[in-house]
Amino acid sequence: MLKAETVGQRILIIEDEESIALGVRDALQHHGHQVDVCMDGEAGLERARADRYDLLVLDLMLPGISGFELIETLRREGSRLRIVILSAKSEESDILRGLELGADDYVCKPFSPLELLARIEAQFRRFEMDTAPPPELQLGPGLSVDLQRLEVHRQDEVIPLTPREGDILRYLVQHRGKIVTRDDLLVDVWNYVNGKVETRTVDIHIVGLRRKIEPEPAHPVLIQTVRGKGYRWHDAL
Ligand code: CA
């Protein structure tokens with residue numbers, strides 16, 4: 001099932017104290033995550049913009065630009081990256097400012113590595129709970145999908161979905177209303193390290209999925225094509 005467990009997430013650490021950065025990196029890697037480290041604010045911001053990460057562990061006092069500025073910039077640009085601040089600034093006013101700017105959690109230094117890990121895992125679990133589609137999706141009259149059993153019920157017919165089709169469907173529904181690019185699907189569903197590859201795999205799977213779940217596969221309304229960008233899930237009425 002797609003990311004029911006929270007291992008294998010992509011995490012960026014922006015932290016200028018090398019011993020902390022590497023310690024946190026090692027602990028997260030040990031838990032099965034892919035981790036990159038940046039040691040200054042400017043480079044970190046570029047990295048966060050350019051690459052796909054699931055979560056950012058962010059120090060506040062950094063060379064270049066501060067962590068506060070970095071959060072402000074990312075949120076202004078519409079980034080939904082989950083952000084956990086890790087800072088020696090432990091005044092209530094700093095914590096509040098960080099959260100108000102859009103951080104998701106705040107851990108003060110000196111910190112317990114186990115607590116930091118638990119808080120990061122909690123972020124991933126919360127995201128799963130907030131966005132998980134219901135096991136039974138109603139798609140139209142006489143048309144529904146059972147995501148647990150991977151079955152499409154179409155009038156009296158039961159059509160099996162492949163596990164991959166189930167993962168794609170779950171992903172599209174989780175991101176309902178938003179454009180999901182081919183890169184997104186390749187990285188998050190296929191687990192490619194880099195989605196920027198030339199492949200027709202995604203489109204071929206979408207065609208197959210539409211045949212099974214769209215009321216009229218030739219005129220898709222649930223999985224809409226966004227020309228030149230990707231796909232968008234539209235909830236059935
Ligand atoms: Ca620092």
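Strand β1 is covered on both faces in this predicted model. R10, L12 and I14 are buried on one side. I11 and I13 are buried on the other. The strand spans residues 10-14, and 5 of its 5 residues are buried, so β1 is largely enclosed by the rest of the structure. Its pairing with strand β2 (residues 34-38) is parallel and runs over 5 bridges. Within that pairing, I13 has V37 of β2 as its bridge partner.

R10 also takes part in a contact between a charge and a ring. Its charged end sits over the ring of Y53, at 4.8 Å from the ring centre. R97 lies over the face of F68 in a further arrangement of this kind, 4.1 Å from the ring centre. Pairs between aromatic rings are absent: the structure holds 0 of them.

Helix α1 covers residues 18-30 and contains I20. This isoleucine counts as buried, because its relative accessibility is 15% and the cut-off is under 20%. Beyond its neighbours within four places in sequence, I20 is in contact with E15, L86, K109 and F111. R49 lies 29 residues from I20 in sequence, and the two C-alpha atoms are 23 Å apart in space.

Nonpolar side chains tend to be buried together in soluble globular proteins. Here, the largest nonpolar core has 27 residues. V145, L169, L185, I213 and W233 touch the most other members. Six elements are listed as giving two or more residues to this core: β6 (136-140), β7 (143-146), α6 (163-174), α7 (182-188), α8 (201-213) and β12 (230-233). The largest share comes from α6, with 5 residues. The surroundings of I213 can be listed in detail. With neighbours within four places in sequence left aside, I213 is in contact with L139, L143, V145, V152, R154, L169, L222, I223 and W233. A second core is separate from the largest one and has 21 residues. L62, I65, I71 and I83 are among them.

An open sheet of 3 strands follows the order β10-β12-β11, and its pairing is antiparallel. The edge positions belong to β10 (179-181) and β11 (223-226). Each has a single partner strand, so one side of each is left without a neighbour in the sheet. From one strand to the next, the twist averages 35°. The antiparallel strands β10 and β12 are joined by 3 bridges. T181 stands opposite G230 of β12.

Two helices pack on this sheet. Helix α6 touches β10, β11 and β12, and its direction makes about 70° with that of β12. Helix α8 touches β11 and β12, with its direction at about 145° to that of β11.

Helix α6 also holds E165. This glutamate is buried, with a relative accessible area of 7%. Residues up to four places away in sequence aside, E165 touches P160, G208, L209 and K212.

Key: Residues are numbered from 1 along each chain as its sequence is written. This is a predicted model: local features need pLDDT of at least 70, side-chain atom pairs count only at pLDDT 80 or more; totals for chains, interfaces and linings use all residues. Side-chain values use heavy atoms; hydrogens and water are left out. Rings of Phe, Tyr and Trp (its six-membered ring) pair if their centres lie within 6.5 Å; planes under 30 degrees apart count as stacked, over 60 as edge-to-face and the rest as tilted. A charge sits over a ring if NZ of Lys or CZ of Arg is within 6 Å of the ring centre and within 35 degrees of the ring normal. A nonpolar core is a set of buried Ala, Val, Leu, Ile, Met, Phe, Trp, Tyr and Cys residues joined through side-chain atoms within 4.5 Å. Buried means under 20% relative accessible area, exposed over 50%, partly exposed in between (1.4 Å probe, protein chains only). Helices (H or I, at least four residues) and strands (E, at least two) are DSSP runs, numbered from the N terminus. Contact means heavy atoms within 4.5 Å. Two strands pair if DSSP finds at least two bridges between them. Axes are lines fitted to C-alpha atoms, for helices over the stretch in contact, and angles run from 0 to 180 degrees between N-to-C directions.
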